[in-house]
Amino acid sequence: MGAMAHPSDVTPEALARRASSFGAQAAAYAAERPGYPEAAVRWVLEPVAGRSPLRVLDLAAGTGKLTASLLRTGAEVVAVEPDAGMLAELRRTLPGVRALAGSAERIPLADGSVDAVVVGQAMHWFDLDRAVPEMSRVLTPGGVVGGLWNREDDDVPWVRGFQEIARGGPAVRRRESVAALDLGPRFSTLEREAFRHFQRRTPDSLAATLGTHSHVLVMPEEERAALLDRVREYLRATPEAAGEFDLPLVTMTVRATRA
């Protein structure tokens with residue numbers, strides 16, 4: 001069973017620090033990160049869309065970006081999130097949602113209690129050897145597990161240039177990491193789809209979004225400020241990104257049903 005690939009020079013200790021870095025910036029994460037297109041969410045849920053009521057777990061729900069999209073489908077949604085700061089922001093913005101502390105490796109739900117387990121922007125942080133049995137356990141027979149990842153569309157040259165500055169080198173193409181994802185024999189073969197969309201941005205707001213990424217959150221303050229200044233300077237000098245602009249995005253999705 002394989003997880004999404006991380007850069008080979010990142011130690012397990014550094015990955016753990018990055019994974020736990022979001023909570024202190026929960027409000028900024030909620031304000032700056034893009035949402036998910038309705039078509040992508042409905043594609044993930046399609047194998048169980050006829051169930052009524054449709055019970056969905058938003059696992060590693062963060063501040064509720066995906067939770068809100070799931071609610072718009074009419075599903076009954078429960079959110080589970082390990083970080084106290086992110087969970088508090090979710091409860092503040094979506095007070096009507098049942099929101100529980102817990103992790104992918106230890107889901108605080110009963111066996112067979114949901115029809116879908118959906119994960120936004122987080123499955124690459126899971127210990128899949130422990131998380132996959134847990135996801136399978138809480139699903140009903142034939143239930144679906146789905147993952148969604150928003151990324152900038154690096155097929156666009158100026159976006160790729162932005163990513164290279166943001167990463168301090170060649171950008172890591174997350175599509176290759178998603179292609180390596182494997183949930184093992186508990187689930188059917190993964191299906192994959194991509195959905196293009198846009199987010200209205202400015203150089204300042206896109207720099208603010210970059211500031212919510214884990215590799216930036218763990219930087220020393222001076223280094224982080226210098227990076228964000230370089231990003232703003234690049235964007236303001238790029239005709240396609242000067243002023244207010246549409247940032248090209250791709251939502252990559254995967255889904256599989258419980259075997």
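What share of the contacts in the protein chain with a separation of 6 or more is accounted for by residues 24 or more positions apart? In this predicted model, such residues account for 77% of those contacts. The chain that makes them has 259 residues, of which 53% are buried, and its secondary structure comes to 11 helices and 7 strands. Its accessible surface amounts to about 11700 Å², with 51% of that area belonging to carbon and sulfur atoms.

Helix H5, which spans residues 84-93, shows how burial is arranged along one element, since its buried residues are Met86, Leu87, Glu89 and Leu90. Viewed down the axis of H5, these buried residues fall within an arc of 160 degrees, so they line one face of the helix. An α-helix has 3.6 residues a turn, so residues three or four places apart point the same way. On the face of H5 turned away from the buried side are the exposed residues Ala84 and Arg92. At the start of H5, moreover, a side-chain oxygen of Asp83 comes to within 2.9 Å of the backbone nitrogen of Gly85.

A second helix, H6, covers residues 128-138 and includes Ser136. With a relative accessible area of 8%, Ser136 lies under the 20% that marks the limit for a buried residue, and is therefore counted as buried. When residues up to four places away in sequence are left out, Ser136 touches Arg186, Phe187 and Arg258.

Note on methods
Residues are numbered from 1 along each chain as its sequence is written. This is a predicted model: local features need pLDDT of at least 70, side-chain atom pairs count only at pLDDT 80 or more; totals for chains, interfaces and linings use all residues. Side-chain values use heavy atoms; hydrogens and water are left out. Helices (H or I, at least four residues) and strands (E, at least two) are DSSP runs, numbered from the N terminus. Buried means under 20% relative accessible area, exposed over 50%, partly exposed in between (1.4 Å probe, protein chains only). Contact means heavy atoms within 4.5 Å. Accessible areas come from the Shrake-Rupley method with a 1.4 Å probe; for residues, only the protein chains shown count as cover. The arc is that of the directions from the helix axis to the C-beta atoms. A polar contact is a pair of N or O atoms within 3.5 Å; within protein, one must be able to donate a hydrogen and the other to accept it, and residues adjacent in sequence count only if both atoms are side-chain atoms.
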